[in-house]
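Colleague: I should be grateful for a close look at a single part of this structure, taken up from one side chain and followed outward to its surroundings. Please set the account out as one connected description.

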Amino acid sequence: MEDLLCQDNFMRIHRSTILNLDHIDAVSKNTVHVGEHRLPVSDLYKEAFMDFLTKWMG
């Protein structure tokens, strides 16, 4: 399933979670906030996610 999604808009942040990057409301230490949902970012994917955030924020 992950291979079918656009790499620019989706990112795996946990073994069981692929995130649509357009819907992030906030990010805290190891958690992504999407609406009322709090999604954990696992240690395995944290570095790649933080790299994305650094590039995205400019």
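Modeller: The side chain of R12 makes a polar contact with the side chain of E2, at 3.0 Å. The model in which this contact appears is a predicted one. R12 lies in strand β1, and its side chain meets that of E2 in a salt bridge, with 3.0 Å from N to O. The pair links distant parts of the chain, since E2 belongs to the segment before β1 and R12 to strand β1, ten residues apart. Side chains of opposite charge can pair when their charged atoms come close. A search of the whole structure finds one salt bridge. E2 counts as partly exposed because its relative accessibility is 32%, which falls between the limits of 20% for buried and 50% for exposed.

The side chain of R12 has a further partner, for it reaches the backbone oxygen of H14 at 3.3 Å. When residues up to four places away in sequence are set aside, R12 touches E2, T17, I18 and Y45.

The segment before β1 also holds M1. With a relative accessibility of 73%, M1 counts as exposed. The C-alpha atoms of M1 and I18 are 9.8 Å apart in space, although 17 residues separate the two in sequence. I18 is also one of the residues that R12 touches.

The strand that carries R12 may now be placed among its neighbours. β1 and β2 run antiparallel and are joined by four bridges. Within this pairing, M11 stands opposite L19 in β2. The two strands, β1 and β2, form a hairpin with two residues between them.

The following strands may be described in turn. β3 and β4 run antiparallel, with three bridges joining them, and they form a hairpin that has two residues between the strands. S28 has T31, in β4, as its bridge partner. β4 also pairs with strand β5, residues 37–40, in the antiparallel sense over four bridges. There the bridge partner of V34 is H37, in β5. The hairpin of β4 and β5 likewise has two residues between its strands, and in it G35 takes a positive phi near 60°.

From β5 the chain passes to a loop that leads to helix α1, and S42 is placed in this loop. S42 counts as buried because its relative accessibility is 17%, below the limit of 20%. Not counting residues up to four places away in sequence, S42 touches I13 and H14. H14 is thus met a second time, as its backbone oxygen is the atom that the side chain of R12 reaches.

Helix α1 comprises 15 residues, 43–57. At 1.5 Å a residue the helix should span 21 Å, and its end C-alpha atoms are 21 Å apart, so the expected and computed values agree. F49, F52 and L53 are buried in α1. Seen down the axis of α1, the buried residues fall within an arc of 100°, and they therefore line one face of the helix. These buried residues pack against four strands: β1 (10–14), β2 (17–20), β3 (26–28) and β4 (31–34). The strand of R12, β1, is thus among those against which the buried residues of α1 pack.

The face of α1 turned away from its buried side carries the exposed residues E47, T54 and K55. E47, which is placed in helix α1, counts as exposed because its relative accessible area is 60%, over the limit of 50%. The C-alpha atoms of E47 and I13 are separated by 9.7 Å, while the two residues are 34 residues apart along the chain. I13 is also touched by S42. Just after α1, G58 takes a positive phi of about 100°.

To return to the starting point, R12 in strand β1 forms a salt bridge with E2, and its side chain also reaches the backbone oxygen of H14. The strand itself is joined to β2 by four bridges, and it is one of the strands against which the buried residues of α1 pack.

Conventions: Residues numbered from 1 in each chain as written. Predicted model: local features only at pLDDT ≥ 70, side-chain atom pairs only at ≥ 80, totals over all residues. Heavy atoms only, no water. Expected span 1.5 Å × (residues − 1). Buried < 20%, exposed > 50% of the residue type's maximum accessible area, 1.4 Å probe, protein only. Arc of directions from axis to C-beta. Contact = heavy atoms within 4.5 Å. Salt bridge = Lys/Arg side-chain N within 4 Å of Asp/Glu carboxyl O. Polar contact = N/O pair within 3.5 Å; in protein donor to acceptor, adjacent residues only side chain to side chain. Pairing = 2+ DSSP bridges.
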